[in-house]
Amino acid sequence: MDQVKIILQYILPKHLISRLVGYLAAARLGFFSHMLIKLFIKAYKIDMTEAKYEQARDYRSFNEFFTRPLKDGIRPLAEAADIIAHPVDGTISQLGAITDGKLVQAKKHNYSLQTLLGGEAETAAPFLGGQFATIYLAPKDYHRIHMPVSGILREMIYVPGDLFSVNPLTADNVPNLFARNERVVTIFDTELGPMALVLVGATIVASIETVWAGTITPPTGKTVHRWQYPATGPTAVRLEKGAEMGRFKLGSTVVLAFAPEQLEFLTEQQPGSITRMGAPFAKLLTAD
């Protein structure tokens, strides 16, 4: 049955399906939207006591519910200067060293950092020999992405691609999954050097957004697009640790990459560990 699920992902029109679902999720359908939200809450056992608005009727569309804000203070931020915080609620898929320009996807699969970041060696070079982490956001999770450390945006890259599911089954069976799916790459300058934060699209992910540019996809494209940002001035984008930087409308994955000799992941952080946005994730090695 698992193989059937994988084969279907290769042959189904994933972009078309995703856009149709996205249209439905964005529609304000009154009773139908509220019924769908209630069914989703029940199916995925979502803890709505954490949400700022707890009732299905509080949301005008499924997308509003899916990107729901949390109550103030529900995710305390690890504020210590030498601690890197988790950027999302989810589950750690893989983490560790970037070796020979490759990241671990699953037991049998590695993939190219350069390809993940849009194909240019210059973009990938600062992260060679560094550390990476991949975090999967399940449908039940909070779907806003936050900054693990303060940073100034240097570049954003839209990379066209496929829309395979990014669940564990697919990660175990589809080679180069995160480097072949549509994605938005963001590069920040931080106190621990450059940081790449990659928002990976997936089947029925209706939208990837950032707080500074709004919706990046859809529409989809066929070519890589790059946006450069200044370090200072009125158009500079500086985000503090814990600040929201983007969101998914329907579930997906984030991939983080850091420069060499800048951090070490805390020993309790392992593949399969549950993550909570703002909680301690790694320790800065260069702190005084």
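**Notebook: strand β14, its neighbours and helix α3**

I started with strand β10 (residues 207–210), which pairs with β14 in the antiparallel sense over 4 bridges. Worth jotting down before going on: this is a predicted model. I then looked up one pair of residues between these two strands, and Ser207 has Lys249 as its bridge partner in β14.

Next I checked what else β14 pairs with. I found β6, which runs antiparallel to β14 and is joined to it by 3 bridges. Here I noted Ile145, whose bridge partner in β14 is Gly246.

Is β14 enclosed or open? I get 5 of its 6 residues as buried, so the strand is largely enclosed by the rest of the structure.

**Active-site entries**

I pulled up the UniProt record, an unreviewed entry, and it puts the feature "active site" at Asp89, His146 and Ser252. I followed up two of these, His146 and Ser252.

His146 sits in strand β6 (residues 144–146). Buried or exposed? I looked up His146. With 8% relative accessibility, His146 is under the 20% cut-off, so it counts as buried.

What does His146 touch, once I skip its neighbours within four places in sequence? My list reads Pro87, Gly242, Ala243, Glu244, Met245 and Met277. I also noted a polar contact of 2.8 Å between the side chains of His146 and Tyr142.

Ser252 turned up in the loop between β14 (244–249) and β15 (253–258). I have its relative accessibility as 0%, so Ser252 counts as buried too.

**Helix α3**

I moved on to α3 (residues 31–44), a helix of 14 residues. From first C-alpha to last it reaches 20 Å, close to the 20 Å expected at 1.5 Å a residue.

Which residues of α3 are buried? I wrote down Ser33, Ile37, Phe40 and Ile41. Looking down the axis of α3, I see these buried residues fall within an arc of 100 degrees, so they line one face of the helix. A reminder to myself: an α-helix has 3.6 residues a turn, so residues three or four places apart point the same way.

What covers that buried set? I have α4 (62–66) as part of the cover. On the other side of α3, I listed Phe31, Lys38, Leu39, Lys42 and Ala43 as exposed.

Last thing I looked up was the residue just after α3: Lys45 takes a positive phi of about 55 degrees.

How values were computed: Residues numbered from 1 in each chain as written. Predicted model: local features only at pLDDT ≥ 70, side-chain atom pairs only at ≥ 80, totals over all residues. Heavy atoms only, no water. UniProt positions renumbered as here; feature names shortened; annotations may be inferred. Buried < 20%, exposed > 50% of the residue type's maximum accessible area, 1.4 Å probe, protein only. Contact = heavy atoms within 4.5 Å. Polar contact = N/O pair within 3.5 Å; in protein donor to acceptor, adjacent residues only side chain to side chain. Expected span 1.5 Å × (residues − 1). Arc of directions from axis to C-beta. Pairing = 2+ DSSP bridges.
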